[in-house]
Amino acid sequence: MPQPIDMRRYAQLKAAGELPSPRGVALAIIRLTQSSDVSLSELGRVIKGDPAFVGRLIKAANGLVAENRRAVVSVQEALMVLGLPAVRTLALGFSLLSTYRKGVCPGFDYQRFWSSSLLMALSMQGLAQRVRVVPADEAFSLGLLARVGELALATLYPDAFSQLLADLHRNQQLQQVTLEDAAFAMNHRELGAAMLTEWGVPDALVQPVRFHEQPELAGYDEGSRGSGLVQCLVLARAIAQLCLAPDSEHARLMQPMLRLSSRLGLERGEFVGLCERVGRDWVEWGKLLQIRTDAAPRFGELSGAAVDDGRTGGTAAASAADEVKDEAPMRALLVTRDRAATATLRTALEAAAVSVFEAAASGAEAALETAIDVQPHLLVVEWGVDGERLVRNLRDIRLGRGIYVMALVAGEDDALLLAASAAGVDDFVVLPVRRAALTLRLRACLRTLVLQGELEREREELRNFTAELSIANRRLHEAALTDALTGLPNRRQAMESMHMEWSAAVRHHRPFTLMIIDVDGFKAINDAHGHDVGDIALRHAAEALRGAVRTQDLVCRTGGDEFLVLCPDTELAPALVVAERLRVAVEAVPVETGGPRLFLTASVGVCTRTPDMANVESLIKGADEGLYLAKQRGRNRVVAIQARAGMA
């Protein structure tokens, strides 16, 4: 078992200097999520206090759902998709990114660190969706924070850590962890694990992060959740290293990645698709987070080059290059010591335009490694102890289940054939190989493989169609909730949000204020100057209101010249201050129309929820009554209704 984290040494380091820690809204989110009775509505209001985090949270949620359901477009939906633990660690990670985008450690590349961390986050999310050793939302956060110990050392000891990195650069035989232990009596692995523990990350996730750079020290049983999580972290870091490496290093780094992905049960095409999506998302996230990114590597071409490296000579290079194209040649792997059978098989397969690979005759384990590298469509194996072990091992992993296996047997003994079938063999050929029998069986085999390929292409087309449909649905949903003229939430969104805030206010006995705002004399503007000028005036009013509301407030256009403002957790007195600020904002700046210059004013009706109000309609009626009185008293003013029978 691994040694426990030295929390006493961590406490000493924490007391000696300022460790990276969450701030502002992120700190409030973390504190809220530690409470067992926090509501999503309450958490949502806090999150809305940081517009940048809102966008990142929604994008993270869409990374989980965009392929199989309508897209997430609101904080409330994002919270339901992600759950409280993931929101807590996302807030933590993004807060650290915002605060420590730059630093004082001259030898530490902060931009490269965060770019690599983002790649690990996206890779972990993609791997978790397929391997399922941890929820994908938690996997994203885990990848983002996996190397936080290095950031901590750069923050605590900027000069010493910079010198340490310079020593590592000059002599790459040195071990970073060893140097850190000597210099700081703690290394980045232990420090990062201690920080994650203090921030409330479960130990089942902390330990794999702690040991993913030295997985041999983890002590997890093969096939356990911890072992799978460590392997995912190792692979995620490898993807990040490849994306950030020079082009000349890509081919060398791709081969071990393919092997590890195979051990995780990922087929080559599936893993390449995952990497390509990570590359695309990396660029998009980089723009959102203002992190430096590069053009993503061409993983399909790298995958093909990795298959061909040193295996089949010059002609195979063209075959592997074609692997990523629509009309890709099939691959066959021959595992037999019978040279005559090998020659006959190669001739027949190449005549059918199948690329042929041969495994070295050195045991089932070596043949399995070759099969993982080549990922053949057809495996022809000489039956025996090694052959049976190879087939059983292949059938135990995901990529081996779809391979068509043909056994070369010494005779048509019933017991032998039944044993081969039980091990996972699909067909057999009797030695010595007869060309006619081989041709017949190969024809049936290739027909089956062609049909399987067509089925997979149809599935891929369906997946692409589903993704396109999801994007279209997202756009339609956004359009359904957005006012086309002003870009503000429309009446439908206003009603949904109002009912949600009303329910939260009633449940938690909190104040809730509603404002109805009407642009004064708008009909006269339309009549005198036309609807084009009227539209300009409405857009101007919308921008003025949007710029004057608080971060927790929601301003919507409900139709014509009327706007609605929702003010959660707001008593009447502060609401009146906000309302007056909104009125002044509309009045302050004249409208430039390219023709006549217009001066707008607005009337505002305000109503705050009281315990005697039966429903949200009572609140709307109160605000509407306030607006009516504002108009009646001369316009361009704020009138508040305190209760159904009262007025201010």
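This dialogue walks through a few backbone and core features of a predicted model.

Trainee: Let's start with the backbone. Which peptide bond is cis?

Mentor: Look at the omega angle. The bond from Leu431 to Pro432 is cis, with omega near -5°. To find Pro432, go to the loop between β5 (427-430) and α23 (435-480).

Trainee: And phi? Where is Gln375, and what is its phi?

Mentor: Gln375 has a phi near 50°, a positive value in a residue other than glycine. Gln375 sits in the loop that runs between α20 (364-374) and β3 (378-382).

Trainee: Is Gln375 buried or exposed?

Mentor: Here the relative accessible area helps. Gln375 has 9%, and buried means under 20%, so Gln375 is buried.

Trainee: What about Asn636?

Mentor: Asn636 also is not a glycine, and its phi is positive, about 55°. Asn636 lies in the loop between α28 (616-632) and β12 (638-641). With a relative accessible area of 21%, Asn636 is partly exposed.

Trainee: Now the interior. Which residues touch the most other members of the largest nonpolar core?

Mentor: That core has 97 residues, and those touching the most other members are Ile47, Leu57, Phe108, Phe161, Ile239, Met257 and Phe271. Helix α7 (residues 110-131) gives the largest share of this core, 11 residues.

Trainee: What is Met257 in contact with, leaving aside neighbours within four places in sequence?

Mentor: Met257 is in contact with Leu235, Ala238, Ile239, Leu242, Phe271, Cys275 and Phe299. Apart from this core lies another, of 33 residues, including Leu488, Ala544, Val578 and Ala579.

Notes:
Residues are numbered from 1 along each chain as its sequence is written. This is a predicted model: local features need pLDDT of at least 70, side-chain atom pairs count only at pLDDT 80 or more; totals for chains, interfaces and linings use all residues. Side-chain values use heavy atoms; hydrogens and water are left out. Helices (H or I, at least four residues) and strands (E, at least two) are DSSP runs, numbered from the N terminus. Buried means under 20% relative accessible area, exposed over 50%, partly exposed in between (1.4 Å probe, protein chains only). A nonpolar core is a set of buried Ala, Val, Leu, Ile, Met, Phe, Trp, Tyr and Cys residues joined through side-chain atoms within 4.5 Å. Contact means heavy atoms within 4.5 Å.
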